[in-house]
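Trainee: I would like a close look at a single part of this model, beginning with one strand-helix-strand unit and then working outwards. Could you take me through that part carefully, and then place it among its surroundings?

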Amino acid sequence: MLSDEKIKFLKLKANEIRRTVVETLVNAGSGHTAGPLGMADVFAYLFFHALNHDPKKPDWSERDRLVVSNGHICPVLYAVMAHAGYFSVKNLIGSLRKFGSPFQGHPQRDFLPALENSSGPLGEGLAQAVGMALAEKMDWEIQGRTLVLKKGSTFISKFFFCILSDAELQEGSTWEAAMFAGKEQLGNLIAVIDRNKIQIDGFTEKIMPLEPLREKWEAFGWHTAEINGHDFRELDEAVSVAKTFIAKPSVIIARTIPGKGVKEFENKPEWHGRAPNKAEGEKALKELQ
Amino acid sequence: MTNSQTKLKSTRVGFGEGLVLVGENDQRVVALTADLKESVCMSAFAEKFPKRFIEVGVAEQNLAGVASGMAAMGKIPFVGSFAIFSPGRNWEQIRTTICYNNQPVKIVGSHAGLSASADGGSHQILEDIALTRVLPNLIVLSPCDAIEAKKMVVAAAEIDKPVYIRLSRAETPIITSEETPFEIGKAEILQKKRLNLKSEERFNLEKPKIGIIATGTMVHKALAAAKELSESGINVSVMNLSTVKPLDERAIIKLAKETGAIVTVEEHQIAGGMGSAVAELLAQNHPTSMEFIGVKNQFGQTGTYEELLNFYGLNVLQIKQAVRRIMKKKG
């Protein structure tokens, strides 16, 4: 259970992250706005609560892994990593999408080694996260150990999180990975879907309907949860329950408001792939006090 | 060159033996297939190391992505399918999750070239060298026989980089021996001493007039052509270019300087293939007259392997004719 104090702290962090997202995008002059703002709460929760990680030792082998499949929301990934202490916020603001910058337009490990994966093309990250989770599970099995529950907690030493957009579920490769994860019973895998219902050309249910989404994942052998992606208590409960499913991968469908926090940007597909200009940015920052 | 004494074996079988070998030597080696365990010769590995063998089903995109993730966790994954499906179907996953992420996955494409002969043009991939040699970080290997294929598996497992190994279903002559050196990035001129030929079959490779650069299953054809040519007084050098990327630039330029004329031979489209890679190198460094033996902008079709090789002009006669043509040009 998250304490009231912790929730207050996470809200504060999420707001700082949103401010950084807006500032970096204004300086970049291009990039994605809606997704990063919509996922600020999920990322704040992961990096400031759920993930077992050490920003001072990004290559610590026992860390939880976070694979971001929808690389275009990297402004929020960069922002949360900066606030968590992987690098300075000042360095990030002003260098996103600039030549030679560690903060490439889509995440790239050669430029920023603290990233788990380089991504951009949609529908590919889940397979990578599945491969990581399988490699870990395989090591346990080779050593003759099994993953078992004990007093409500598990022996699973590290978890593999994967962030997916909803529209990238239209890629067939996502379902190849989903089917395979079900077969391999990857209890150490937790996928989080940014269910913001928008994509470049409009609303998902008009472009290519995804519903009934939860039932699809269930049919592929996953434990599922559907929550409000801006509610830290719901997020925490969903992750805690997901961790108890040791023989099933879990997916958390996080309903989010694209552009969350700035009224002007909320729920508008046109803000999927564009950055605020200076005036729009200033207005947005006032709202994010 | 193919006589009753010559042993025939496919490069895919050599791969399968190599895979067991590296599996024994290194616990990190895992093998994944997309429903083609038997065809890509992974059965022996699967039987010996069942916990390190993974079936992903008919899902080549997932095959690449999962292997990338496993490599990120320290495994050395070998992924096997027909080359038409991997790297054919899943090229973009290979580009992004393996090469762009720089994860040391070993992509093994079997039944390459015309060797899926009876299956027809749908399964005959003549484009995989073109597809793979354009990818940064990826090493492209094309073994000339089963022994070399086995050595390549060992070398691929040892190098911390993504690798593509192009294999054939066809049973072709063993032309190297266990002692023949193999090193990624090194091209060998096949000297007399390296061949398992009886003394009366040896032929003169001194002072070559033409250089033949061949890769994969075409190397033994190039050798047969060289032998017949030497009998009519034309000495040619045959280079086994088994690493298509990175090219052994020094060795190729040296051969071009020595001979002044190069014929490339490959079981692949001429466009974008090994010959193109050689031409790119020579055009910049030592412009040399060239002839290209390969498939000319066509799809394959059903037939026996030899029928297809003859139909598409990948035989000893065509190589000899190309040598004679280029000699005329050379004057």
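Mentor: The part to begin with is a right-handed β-α-β unit of chain A, made by strand E8(A), helix H10 (residues 232–244) of chain A and strand E9(A). Keep in mind throughout that this is a predicted model. The two strands of the unit, E8 (residues 223–228) and E9 (residues 250–255) of chain A, run parallel and are joined by six bridges. One position to find on the screen is Asn228(A), which stands opposite Arg255(A) in E9(A).

As for how far chain A can be trusted, its mean pLDDT is 94, and 96% of its residues reach 70 or more. An exception to keep in view is the stretch of residues 149–153 of chain A, where the pLDDT is below 50 and where the model has four contacts beyond near neighbours in sequence. For the model as a whole, the scores are ipTM 0.95 and pTM 0.95.

Moving outwards from the unit, we come to the contact between the chains, which takes 22 residues from chain A and 21 residues from chain B. On the side of chain A that touches chain B, helix H6 (125–142) and helix H7 (172–183) of chain A each supply at least two residues, and H6(A) gives the most, with 12 residues. By character, the residues on this side of chain A divide into 11 nonpolar, five polar and six charged.

Across that contact, chain B is divided into domain 1 (8–172) and domain 2 (178–330), and the C-alpha centres of these two domains of chain B lie 25 Å apart. The contact between them takes 30 residues from domain 1 of chain B and 32 residues from domain 2 of chain B. On the domain 1 side, helix H6 (128–133), strand E6 (139–141) and helix H7 (146–158) of chain B each supply at least two residues, with H7(B) giving the most, at five residues. The residues on this side of domain 1 of chain B divide into 16 nonpolar, nine polar and five charged.

Chain B also offers parallel strands to set beside the pair with which we began. An open sheet of five strands in chain B has the order E9-E11-E10-E13-E14, with mixed pairing. Strand E9 (188–189) and strand E14 (289–295) of chain B stand at the edges with a single partner strand each, so one side of each is left without a neighbour in the sheet. Strand E13 (residues 261–269) of chain B runs parallel to E14(B) and is joined to E14(B) by six bridges, and within this pairing Gln269(B) has Val295(B) in E14(B) as its bridge partner. Helix H12 (residues 316–330) of chain B packs on the sheet, where it touches E10, E11, E13 and E14 of chain B, and its direction makes about 160° with that of E14(B). Helix H9 (residues 249–259) of chain B lies across strand E10 (210–214), strand E11 (236–240) and E13 of chain B, and runs at about 150° to E10(B).

The confidence in chain B should be read with similar care: its mean pLDDT is 94, and 94% of its residues reach 70 or more, whereas over residues 192–201 of chain B the pLDDT stays under 50, and for that stretch the model has 10 contacts beyond four places in sequence.

Definitions and conventions
Residues numbered from 1 in each chain as written. Chains lettered and ligands numbered in written order. Predicted model: local features only at pLDDT ≥ 70, side-chain atom pairs only at ≥ 80, totals over all residues. Pairing = 2+ DSSP bridges. Helix = DSSP H or I, 4+ residues; strand = E, 2+ residues; numbered from the N terminus. Contact = placed C-beta atoms within 7 Å. Axes fitted to C-alpha atoms, helices over the stretch in contact; angles between N-to-C directions. pLDDT = per-residue confidence, 0-100. Right-handed = clockwise from strand over helix to strand, strands pointing away. Nonpolar A, V, L, I, M, F, W, Y, C, P; charged D, E, K, R; others polar. Domains from an automatic or database assignment.
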